[in-house]
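Me: I would like to learn how to read a protein structure feature by feature, with each term explained before it is applied. Please start with burial.

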Amino acid sequence: MNPTYLKPAAVRTGPVPVPVPAAVRFRAACPDCCGRFELAAGALRLAIGASRRTTFYTFTCPECAAPVRKPAGERIIELLTGGGVRTLRLHATP
């Protein structure tokens with residue numbers, strides 16, 4: 001009997017997408033109305049720039065509808081990207 005060898009259908013390069021449960025929620029607070037709440041990943045946006053000033057996350061407060069922009073450090077970036085938040089990478093123009 002000859003052994004059967006499995007061959008991969010396609011070879012992928014780069015990061016492998018990790019499925020994120022739809023139930024991932026992030027705690028947030030609004031500086032305008034002082035409301036505290038939990039947001040789904042779809043309610044947040046992350047922008048990664050070249051410096052601390054240009055790296056931030058945004059959302060709209062569900063209580064007062066104010067747009068909120070907060071700085072994002074390395075740990076916040078890691079949590080948000082791992083939780084399925086849409087990310088925009090900002091590039092400097094030459």
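Reply: A residue counts as buried when its relative accessible area is under 20%, as exposed when that value is over 50%, and as partly exposed in between, using a 1.4 Å probe and protein chains only. The model here is predicted, so local features need pLDDT of at least 70 and side-chain atom pairs count only at pLDDT 80 or more, whereas totals for chains, interfaces and linings use all residues. Residues are numbered from 1 along each chain as its sequence is written, and side-chain values use heavy atoms, with hydrogens and water left out.

Me: Is Phe-37 buried or exposed?

Reply: Phe-37 counts as buried, because its relative accessibility is 11%.

Me: How many aromatic pairs does a search of the whole structure find?

Reply: Rings of Phe, Tyr and Trp (its six-membered ring) pair if their centres lie within 6.5 Å, and planes under 30 degrees apart are stacked, those over 60 edge-to-face and the rest tilted. By that rule the whole structure yields two aromatic pairs. One of them joins Phe-37 to Phe-59 edge-to-face, at 5.9 Å centre to centre and with 75 degrees between the planes. Phe-37 lies in strand S2 (residues 36-40) and Phe-59 in strand S4, so this pair ties together parts that are 22 residues apart in sequence; strands are DSSP runs of E, at least two residues long, and helices are runs of H or I, at least four, both numbered from the N terminus. Phe-59 is buried, because its relative accessible area is 4%. Tyr-57 and Phe-59 make a stacked pair, 6.3 Å centre to centre with 20 degrees between the planes, and Tyr-57 is buried, as is Phe-59. Phe-37, Tyr-57 and Phe-59 thus belong to one aromatic cluster.

Me: In what order do the four strands of the open sheet run?

Reply: Strands of a sheet pair through backbone hydrogen bonds, either parallel or antiparallel, and here two strands count as paired if DSSP finds at least two bridges between them. The open sheet has the order S5-S4-S3-S6, with mixed pairing. Its edge strands, S5 (67-71) and S6 (86-89), each pair on one side only, and the twist averages 20 degrees from one strand to the next. S3 (residues 45-48) pairs with S6 in the parallel sense over four bridges, with Arg-86 as the partner of Arg-45 in S6. S3 and S4, by contrast, are antiparallel over three bridges, and there Ala-47 has Phe-56 as its partner in S4.

Me: Which strands does helix H1 lie across?

Reply: Axes are lines fitted to C-alpha atoms, for helices over the stretch in contact, and angles run from 0 to 180 degrees between N-to-C directions, while contact means heavy atoms within 4.5 Å. H1 (residues 74-82) lies across S3, S4 (56-60) and S6, and runs at about 130 degrees to S3.

Me: Where is Thr-55 found?

Reply: Thr-55 is in the loop between S3 and S4, and it counts as buried because its relative accessibility is 6%. A polar atom of its side chain lies 3.1 Å from the backbone nitrogen of Gly-49. Setting aside neighbours within four places in sequence, the residues in contact with Thr-55 include Ala-47, Pro-71 and Ile-77.

How values were computed
A polar contact is a pair of N or O atoms within 3.5 Å; within protein, one must be able to donate a hydrogen and the other to accept it, and residues adjacent in sequence count only if both atoms are side-chain atoms.
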